[in-house]
Amino acid sequence: DMLAVVGTDGRIRQANASWQRLLGWPIEELVGMAFLELLPLDAQPGAAVAFDALRRSGPQKTFAHQFSDRAGGSRWVEWNATPDVENEAIYIAARDIMGRKLAEAESARLAAIVESSNDAIVSASLSGLIESWNPAAERIFGYKASEVMGKPLTMLVPRMSTDRTPQ
């Protein structure tokens, strides 16, 4: 985890080596830098408002932002900030969540594909119970998702006619 002490003036007082490993900023450059400068320009106004609230002895807050790295790129970081009014400091613990953000984006992309597909896409648990049902499945099978969720997948299999006798 990236750990830092930021003064109530917004400047970084101390930072551990994880900042350099993750974002490429040498500790010597970080110390004295305004913490908000590590955020993209569009995130800075909102973060400044939250920072002001923390500075006035607000409770611990958790944020997720993209942090700018030294090479000009960015990484998603989730950070907790805890104010210490007596020492005019804010203690920050941050964690790289880039993998989680990429997985969320991929999940959203796949969900959009399933929802917009013209093919019925149905998933079932290992015990054979329906767990998901896209809009195309509603059109093709004639059941609303609310009618089939948790029901056996076998409900979609046509039943054999009982009036047929083997010859």
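**View 1. The largest nonpolar core of this predicted model brings together 26 residues.** Among these 26 residues, the ones with the most contacts inside the core are Trp 19, Leu 30, Phe 35, Leu 38, Phe 67, Trp 79 and Ile 92. At least two core residues come from each of the following elements: strand E1 (2-7), strand E2 (12-15), helix H1 (18-23), helix H3 (44-55), strand E3 (61-68), strand E4 (74-84) and strand E5 (89-96). Helix H3 makes the greatest contribution to this core, giving 4 residues.

**View 2. Ile 92 and the residues that it touches.** When residues up to four places away in sequence are not counted, Ile 92 touches Met 2, Leu 3, Ala 4 and Val 6, and also Phe 35, Trp 79, Asn 80 and Ala 81. Ile 92 is itself one of the residues with the most contacts inside the largest core, as are Phe 35 and Trp 79.

**View 3. A second core, separate from the one above, is made of 5 residues.** Its members include Ile 130, Ala 137, Ala 145 and Val 148.

**View 4. Asp 69 sits in the loop between strands E3 and E4.** The residue is buried and yet has no salt bridge, since the nearest side chain of opposite charge, that of Arg 75, is 6.5 Å away, whereas a salt bridge calls for a distance within 4 Å. A polar atom of the Asp 69 side chain lies 3.1 Å from the backbone nitrogen of Ala 71, and the backbone nitrogen of Gly 72 lies 3.0 Å from a polar atom of that side chain. Apart from neighbours within four places in sequence, Asp 69 is in contact with Leu 23, Trp 25 and Ser 74.

**View 5. Glu 88 lies in the loop between strands E4 and E5.** Its phi angle is near 50°, which is a positive value in a residue other than glycine. Because its relative accessibility is 49%, Glu 88 counts as partly exposed.

**View 6. The whole chain, with its 6 helices and 7 strands, as the setting for the close-ups.** Read along the sequence, these elements follow the pattern β-β-α-α-α-β-β-β-α-β-β-α-α. The C-alpha trace spans about 90 × 35 × 25 Å along its principal axes, and the radius of gyration of the chain is 26 Å, where a compact globule of 167 residues would have one near 15 Å. Of the 167 residues, 31% count as buried. Among the contacts with a separation of 6 or more, 32% are made by residues 24 or more positions apart.

Note on methods:
Residues are numbered from 1 along each chain as its sequence is written. This is a predicted model: local features need pLDDT of at least 70, side-chain atom pairs count only at pLDDT 80 or more; totals for chains, interfaces and linings use all residues. Side-chain values use heavy atoms; hydrogens and water are left out. A nonpolar core is a set of buried Ala, Val, Leu, Ile, Met, Phe, Trp, Tyr and Cys residues joined through side-chain atoms within 4.5 Å. Buried means under 20% relative accessible area, exposed over 50%, partly exposed in between (1.4 Å probe, protein chains only). Contact means heavy atoms within 4.5 Å. Lys and Arg count as positive and Asp and Glu as negative; His and the chain ends are not counted. A polar contact is a pair of N or O atoms within 3.5 Å; within protein, one must be able to donate a hydrogen and the other to accept it, and residues adjacent in sequence count only if both atoms are side-chain atoms. The radius of gyration is taken over C-alpha atoms; the globule rule is 2.2 Å times the number of residues to the power 0.38.
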